Amino acid sequence: MAEKVTALAPGSLSGSLIGKPVERKEDLRLLTGTGHFVDDLRLPGMLHAKILRSPVAHARIKRVDVAAASAMPGVRAVLTARDIEGRVESWGDLMQDLLVGDRTAFVKGKVLYEGQEIAAVAADTRYQAQDAIEAIEVEYEDLPAVVDPEAAMREDAPIIQEGITYEFGDGRNIFDTFRLKCGDWAEAEARAAAVVRGRFTVNRVMGAATEPHGCVAHYDSSSQLLTLYTSTQSVFMVRDVLSKVLHLPRHRVRVIAQDVGGGFGSKAECFPHEVIASVLSLRLGRPVKLMLSRAEVFLVGTARSGQVRYAELAMAQDGSILGYRDRVVHNVGAVSAWGNQTLKIGSYIGLLPYSIPNVDIEGYAVHTNQMPGGALRGFGVPKTLWAKEQLLDMAAEQLGLDPVEVRLRNTVKEADCPFTTSVGQVIDSTSMDHCIRAAAEAVSWDRRRQERKPYTGVGFAVCLKYTSCRHPSLDTDCDAIRIRLETDGTVSVYSSGTPHGQGHETMLSQIVADHLGVDFRRVHVMSADTATSPFGLGTYGSRSAALLGTATREAAIKVRDRVLQIASHILEASPADLELTQDRVQVRGVPEMGLYIETIAAFAAYKSHQLPPGVSAGGIEESVSYDTPTDRPDINGCGNWSATYSGAAHAAVIEVDPGTGRISIIDYAMAHDSGTVINPLVVKGQHDGAFAHGLAWAMYESVVYDEDGRMMNPTFREYYAPYAADMPELEKSFEIPAPSTVIPGGHKGAGETATGPVAAAIANALYDATGIRFTELPITPDKVLMALREKERRGTKSLVFPNDMPDYEGPSWWSEDLVRNVRWDAL
Amino acid sequence: MRGFSWQRMNSLEETVAALAEHGDDAAVLAGGQTLLNQMKLRIVSPATVLWIAAVPELGSWGYEPDSSLLVGAIVRYEEMQTAPGLRGAHAMIAKVTSNIADQSVRNMATVGGALCTADPHQDYPVLASVLEAEIVTRSRSSRRVIPASEFFVDFYQTSLKSDELLTAVRFPPLPAATGWAFEKFNLRPGDYARAIVACRILLDGDERVEQARIVVGATEAVPIRATEAESLLVGQRVTEALAQRVARSAMAATNPLADQVFASPEYKRELVGTLACRAVMRAYQQAGKNP
């Protein structure tokens, strides 16, 4: 089943293209360096802007003096908070259900995190802008930084967001909460044969996309149109926030994304630099380019929210999971971008693929003086899996059960579908049970468990990730496609997606080619542009195959129906007797009776006398917006927020060097259910990339802050993104499709499933190899070696590292008072 | 980066004259693998950049009549990693160089640049120390030959004066029966080291250690020579147990700094122990094969 996927040229293929490894349309330009990224743009008269960022994490600004900077050569404008006061709004509340906008273009009085925007300069050259930035004088009054999220929750902790009154409680920096409850945990605990517990911590990691964030803003005073070219995952999200913040009507703001060099969640929102560049261009009437340096991206480009989880799992003697309880502190940094949503969705989806009868999760989203918590591949789900998939192994060990058998016992199975879980998820289809068996078999699980070799171990973890989701706050899940059949038989596709590596041009062209019977090469998917694209949310959350795929399919069918209607009139045949294939409509069984599709398109536009009675002349163009049939959560957090679910089962075989602590992955198997695959080449690429992000998170990367809130590693020298050489071969990659029954084409997402299980699979393998149960991420050689030494020192068979809690009593900050005083609202 | 004046140097004389004229305001550019990064981030902003990559006197390497190996300042890593005919333990130079950074860096980076950078996490300071290299310098008015042990002064600091140019590094001849090992630990392939232990062993006719040199790198500002560990080896046949004793001594010889993410001083010390044990065993075994 793990066949090597080889790209095929579209000309060599016949019949349906769905499921075929069609060569990606994007590859030629990207591989030959001819793609169009933001920094490639050079508009006439374009100025260059740079931002002055705070070198400290928490301080009051006493004085900003721009006099010297303003007088420097080439400087056209210097902008500070004072210049935009009352004219540029704060944001964060439009899409993300924040009670207030906590995002501002510039620091308002108090710096909240290192790198926050203080001033900006537009100058003739990038160097002049940088020189002027360095000439701005700022006086700071340092405040104690709050870096530890549990410390931030103490009643005496300094308040970070002073100007905002949250309704979730006084003080404690709690700005949002989440509760998910079903059944009765106490009853599960009482009945259980094993109850296992742990304090699991989650590191903050970044998208580390190849293309840094950046934009070119161009305000044209004659048309009064502000155009923003930007590196984003959602042109409409940026446009709607930007126009609201700048008090401009939406039809006067145009956002364009051409090639985008990766995002992974880190570009799924409107950023201060996009607002600043726009304001500068509005003031100066000239295009302004504002590219962030790599160091700036490291400081402010948003990172996965950190977590501390006090997680507990109750298991019956037969391996059935009876209950799960978790108290989650969720570190969203100083400003919540998507931070609170990742707490909610991550906790809710992270319970899968099990239907656990008794669940009790309380989550607290907490501010610290760290960079904003954004979206990142997996959207919170991997964090729950990190704890839960390890607890499952811990309980299995206590009961003498095999971890794979326990997962098979508890998972939602193919034969059960459609299946409604305890918290209301409706699993339309899955091959989870087959995926588990396939991954286990691929690494010879049973043999490896029997033949013990010192410092070698095998571990398992699974994930059932939502494909497309109604966020608790964002009460929509829509995307749209418009298709125009041009008068020469080519097809233009306008999409609400903002792809950045997902191969939309290829994937959507395959769907159009199939349903319209036109050559794949005659279909062109336009880049994202709010002036031409239909409205939709953008590209994140593994949504595109399901959402855009369905909209494309339905729009193509509508276009086909109109083509057939006209053809049936001209050919004097019933539409049911016609077929569309190879760019031609023909009578079934009589191929010489037919018309080329371009003839029909041209007739529709130019020769109205050929049209059926009542059909007026015009281009053949159809638009479809698709929203998934998903629910909003109820008051306990339950419901079916998601449309369909993609599965992953991963098995890791590792070797530990007891002299250095280095972990080597010597074998790795992944089995996935991504529904009906449109292009196996794209899907394999997504799985490999998602695995790489999982590996990075588990073993290499972390945003490290010192106690003053300064990032210690804002360069690739010490932000250890793994290299290609760090990746295992990943030849054992299996696709076991269980087509979605909710999504018309059967598609599911593939972009994030492979991220989820990696950390837990490696941690479980590490326990198997060394007896050390790791509860802290990332698992780097230094920690592994120190844990091995600690275990030797104690002379024990096993060790929980770094938090050994024989007398687990739950989080120290938790109290009845806290729960009483906090406002619980699943939405 | 800030504005600067770029000057192409055509000869050694011209270079030392320019250095005498500009002194601290000038930076010497060879392969640019350190300097350009520092200039880009405005960590340094020299008024004048002296480009020496085409200076003929600096570009070659080879053996001198006394069998010492002289490597010119602008010889690139790429040349040294494939250098043919390196004698005895000098083979270590090619082996170590081929494992630095990545190929695109090695295509540009120079031996002289690496030594002048004096980054304690890089390989060349350790290599120079364990091979007892000497740094050859020139200024308009003087020539110096500086032992490696006196060349590296502190983090990114050498004893080179502002009007001096490193022209070459001289590796003294080493007996044929020398075994060597260079054990480096880094997180990703090509990364700067978290710890390095380099070892060189010369055996007598009885398979006992006659001379030993052990150098620890990447733990402090400059390479550290573990002299006590060396003396434990002299006169002995190396066993696993002895290698472990030597390793413990090497651990005691260094006080690692907390200067890298995911590498506490305690961890670095443990690493030194592991690497020292492996280096001693490997060097001893290799020496036994080189009678």
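Here is a short chat about the interface and a few interior spots of this predicted model.

Me: Let's start with the A–B contact: how many residues come from chain A and how many from chain B?
Reply: Counting contact as heavy atoms within 4.5 Å, both chains contribute to the patch. The area buried between them is about 2300 Å², and carbon and sulfur atoms give 56% of that. As for the residues, the contact takes 31 from chain A and 25 from chain B.

Me: How many salt bridges does the rule find across the interface of chain A and chain B?
Reply: The cut-off here is a Lys or Arg side-chain nitrogen within 4 Å of an Asp or Glu carboxyl oxygen. One pair that makes it is A:Glu134 with B:Arg42, at 3.0 Å from N to O. Across the interface of chain A and chain B, the count comes to 7 salt bridges.

Me: And which element gives the largest share of the side of chain A that touches chain B?
Reply: Between the two chains there are 15 residue pairs in polar contact, both partners at pLDDT 80 or more. On chain A's side, the elements giving two or more residues are helix H4 (126-134) and helix H20 (781-794). The largest share is 5 residues, and it comes from H20(A).

Me: What does the side of chain A that touches chain B have by class?
Reply: Gly goes in with the polar group in this scheme. Sorted by class, the side of chain A that touches chain B has 15 nonpolar, 6 polar and 10 charged residues.

Me: Moving inside chain A, why is helix H12 described as largely enclosed by the rest of the structure?
Reply: Buried means under 20% relative accessible area. The residues of H12(A) that pass are A:Pro403, A:Val404, A:Val406, A:Arg407, A:Leu408 and A:Asn410. H12(A) spans residues 403-410 and is largely enclosed because the buried ones make up 6 of its 8 residues.

Me: Which residue caps the N-terminal end of H12(A)?
Reply: Look for a side-chain oxygen by the backbone nitrogen of A:Val404. The two atoms lie 2.8 Å apart, and the oxygen belongs to A:Asp402.

Me: Is A:Glu296 buried or exposed?
Reply: A:Glu296 sits in helix H9 (residues 294-300) of chain A, and a polar atom of its side chain lies 2.8 Å from the backbone nitrogen of A:Ser293. Beyond its neighbours within four places in sequence, A:Glu296 is in contact with A:Lys50, A:Ile51, A:Arg53, A:Met291 and A:Gly301. Its relative accessible area is 9%, so A:Glu296 counts as buried.

Me: Now the rings: how many residues apart in sequence are the parts tied together by A:Phe200 and A:Trp386?
Reply: A search of the whole structure gives 17 aromatic pairs over all chains. A:Phe200 and A:Trp386 make an edge-to-face one, 6.4 Å centre to centre with 80 degrees between the planes. A:Phe200 lies in strand S8 (residues 194-202) and A:Trp386 in helix H11 (residues 381-398), so the pair ties together parts separated in sequence by 186 residues. A:Phe200 is buried at 0% relative accessibility, and for A:Trp386 the value is also 0%.

Me: What kind of pair do A:Phe774 and A:Phe801 make?
Reply: A:Phe774 is in strand S30 (residues 772-774) and A:Phe801 in strand S31 (residues 799-801). A:Phe774 is buried at 0% relative accessible area, and A:Phe801 is buried at 15%. Their ring centres are 5.3 Å apart with the planes at 50 degrees, so the pair is tilted.

How values were computed: Residues are numbered from 1 along each chain as its sequence is written. Chains are lettered from A and ligands numbered from 1 in the order in which they are written. This is a predicted model: local features need pLDDT of at least 70, side-chain atom pairs count only at pLDDT 80 or more; totals for chains, interfaces and linings use all residues. Side-chain values use heavy atoms; hydrogens and water are left out. Buried area is the accessible area (1.4 Å probe) that two parts lose on being put together, summed over both. A polar contact is a pair of N or O atoms within 3.5 Å; within protein, one must be able to donate a hydrogen and the other to accept it, and residues adjacent in sequence count only if both atoms are side-chain atoms. Helices (H or I, at least four residues) and strands (E, at least two) are DSSP runs, numbered from the N terminus. Buried means under 20% relative accessible area, exposed over 50%, partly exposed in between (1.4 Å probe, protein chains only). Rings of Phe, Tyr and Trp (its six-membered ring) pair if their centres lie within 6.5 Å; planes under 30 degrees apart count as stacked, over 60 as edge-to-face and the rest as tilted.
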